[in-house]
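Visitor: I'd like a close look at one single part of this, please. Pick a strand you like and tell me how it is held and what lies around it.

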Amino acid sequence: MSHPAPFERPVALSCGDPSGIGPEIAARAWEQLRASLPFVWIGDPAHLPRGTKIREISEPAEAMSHAGSALPVLPLEFAAAALPGQPDPANATGVIEAIRHGTDLAMRGEASALCTAPINKKALKDGAGFAFPGHTEYLAHLAGGARVVMMLACDTLRVVPATIHIALSEVPRAFTPALLRETVEITAAGLARDFGLENPRIAIAGLNPHAGEGGAMGHEEIDWIAPLIADLRAEGHAVSGPHPADTLFHAAARTRYDAAICAYHDQALIPIKTLAFDEGVNVTLGLPFVRTSPDHGTAYDIAGQGRANPASLIAALRMAARMRAARGL
Ligand SMILES: NC(=O)C1=CN([C@@H]2O[C@H](COP(=O)(O)OP(=O)(O)OC[C@H]3O[C@@H](n4cnc5c(N)ncnc54)[C@H](O)[C@@H]3O)[C@@H](O)[C@H]2O)C=CC1
Ligand SMILES: NCC(=O)COP(=O)(O)O
């Protein structure tokens with residue numbers, strides 16, 4: 001089957017939790033981007049801010065001719081209205097369906113990429129028995145069990161947490177040689193395919209303070225992280241480490257690598273959200289389609305107040321378009 005060129009198709013944007021800031025940042029992103037980067041919003045039109053100029057469509061391709069004058073919407077009827085800041089379990093099924101539908105469109109090539117607005121994982125679990133810690137794992141499942149990693153990226157930093165949404169107490173057991181090896185391999189392949197970085201330089205953080213300080217503060221670095229890095233180097237990967245995490249993210253250190261792999265969620269996400277909360281983008285590497293997302297969450301504390309900044313969503317839409325171009329599809 002022949003596919004149209006990427007820029008003949010819109011990016012599919014799932015609505016996320018409608019009681020968060022997802023709908024309002026979608027409307028504001030459309031106001032700024034319009035036909036320069038067509039996207040189609042998947043969700044319940046009743047959840048968009050009053051007065052948003054929309055055009056309901058039935059096929060993503062229709063977005064290309066309407067994005068200049070209205071926000072193209074693939075309508076999905078949700079069970080309940082959306083009260084700002086108050087997630088409603090009745091809407092959990094609709095939120096999941098928007099992600100699933102956007103994924104289908106991206107997998108079939110009817111959308112050029114998938115961008116997702118933030119969800120509340122607990123609300124989806126409580127409301128619909130959602131069995132995944134987040135989009136990353138759900139999308140991997142929808143793609144037939146793809147092996148994926150989460151990467152957060154901005155102009156000056158890319159970070160990959162090897163373990164993601166697990167309790168800190170579980171990290172030492174979950175952070176294994178097999179997981180770190182797979183994370184390096186997926187990250188290297190993803191940076192080559194989606195960012196044009198052949199054999200990227202990957203810095204690996206230690207697990208313990210001062211990367212273990214020679215065994216005085218933990219043994220994982222000596223026992224297996226350093227030996228695995230040596231093996232990966234011998235196999236041709238441009239990996240370095242284990243680096244003390246506290247000195248891996250200052251300006252000079254960031255010039256020495258293309259991506260940093262960290263042992264756990266906060267080790268990776270604190271530096272990027274501190275440096276670039278407004279422009280950070282969450283990317284899933286390893287999927288058969290391009291997926292991006294803003295780096296922030298549902299921001300219930302400001303939902304519905306007209307205060308939400310659409311910059312991270314706009315950065316995510318732009319990054320999706322660049323990644324598509326890098327794939328040369
Ligand atoms: N991709 C996703 O689906 C993500 C979902 N979440 C979910 O979001 C929920 C809330 O998480 P929090 O830790 O509170 O983080 P959050 O990012 O929603 O909010 C943290 C702070 O940043 C502010 N903020 C966030 N985005 C903003 C924007 N675009 N403009 C202006 N201010 C903004 C909020 O008002 C709040 O003060 C949780 O349920 C979490 O699981 C969090 C991160 C990503
Ligand atoms: N902390 C990142 C986050 O919660 C986003 O996860 P995902 O939904 O993109 O898997």
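**Strand 11 and its surroundings**

Guide: Let's take strand 11, which runs antiparallel to strand 6 (residues 149-154) and is joined to that strand by five bridges. One caveat up front: this is a predicted model.

Here's one register point to look for on that side: A153 sits opposite V281 of strand 11. There is also a second partner, strand 12 (residues 291-294), which pairs with strand 11 over three bridges, again in the antiparallel sense. On that side, V281 faces P294 of strand 12. So V281 makes a handy landmark, with A153 opposite and P294 of strand 12 opposite as well.

Follow the chain from strand 11 to strand 12 and you go through a hairpin with five residues between the strands. Within that hairpin, G286 has a positive phi near 110°.

Now, is strand 11 enclosed or open? Five of the five residues in strand 11 (residues 281-285) are buried, so the rest of the structure largely encloses this strand. For the cut-off, buried here means 20 or more other C-beta atoms within 10 Å of the residue's own. As a rule, side chains in a regular strand alternate between the two faces of the sheet. Here, V281, V283 and L285 point one way while N282 and T284 point the other, and all of them are buried.

N282 is worth a second look, as it turns up among the residues around ligand 2. Its companions there are G134, H135, T136, M150, L269 and S293. By class, that shell has two nonpolar residues, five polar ones and no charged ones. If you're thinking about what sort of surroundings the ligand gets, that split is the thing to note.

The shell also brings in the domains. The chain is divided into domain 1 (1-146 + 289-329) and domain 2 (149-286), and each of them gives at least three residues to the shell around ligand 2.

How do the two domains sit against each other? Their C-alpha centres are 28 Å apart, and 21 residues of domain 1 are in contact with 20 residues of domain 2. On the domain 1 side, helix 5 (135-142), strand 12 and helix 11 (311-327) each put in at least two residues. So our hairpin partner, strand 12, shows up again here. The largest share on that side belongs to helix 11, with eight residues. By class, the domain 1 side has eleven nonpolar, seven polar and three charged residues.

There is another ligand to compare. Ligand 1 has 18 residues around it, and P118, H296, G297, A299 and N309 come nearest. Its shell holds seven nonpolar, nine polar and two charged residues, whereas the ligand 2 shell has no charged ones.

A few backbone spots are worth a check if you plan to work with these coordinates. The peptide bond from G241 to P242 is cis, with omega near -5°, and P242 belongs to strand 9 (residues 238-243). N199 has phi near 45°, a positive value in a residue other than glycine. N199 is in the loop between helix 7 (177-195) and strand 8, and it counts as exposed, with 12 C-beta neighbours inside 10 Å. H210 is another non-glycine with positive phi, about 55°. You'll find H210 in the loop between strand 8 and helix 8 (220-234), and it is partly exposed, with 15 other C-beta atoms within 10 Å.

Strand 8 itself (residues 201-205) includes R201. With 17 other C-beta atoms within 10 Å, R201 is partly exposed. Leaving out residues up to four places away in sequence, R201 touches A238, R256, Y257 and D258.

Finally, zoom out. The protein chain has eleven helices and twelve strands. Its radius of gyration is 20 Å, close to the 20 Å the globule rule gives for 329 residues, so the chain is as compact as a globular protein of that length. Along the principal axes, the C-alpha atoms fill a box of roughly 60 × 40 × 35 Å. Buried residues make up 49% of the 329, and strand 11, with five of five buried, supplies some of them.

Note on methods. Residues are numbered from 1 along each chain as its sequence is written. Chains are lettered from A and ligands numbered from 1 in the order in which they are written. This is a predicted model: local features need pLDDT of at least 70, side-chain atom pairs count only at pLDDT 80 or more; totals for chains, interfaces and linings use all residues. A residue is near a molecule or strand if its C-beta atom, placed from the backbone, lies within 6 Å of it. Ala, Val, Leu, Ile, Met, Phe, Trp, Tyr, Cys and Pro count as nonpolar, Asp, Glu, Lys and Arg as charged, and the others, Gly among them, as polar. Domain bounds come from an automatic or database domain assignment. Helices (H or I, at least four residues) and strands (E, at least two) are DSSP runs, numbered from the N terminus. Two strands pair if DSSP finds at least two bridges between them. Two residues are in contact if their C-beta atoms, placed from the backbone, lie within 7 Å. The radius of gyration is taken over C-alpha atoms; the globule rule is 2.2 Å times the number of residues to the power 0.38.
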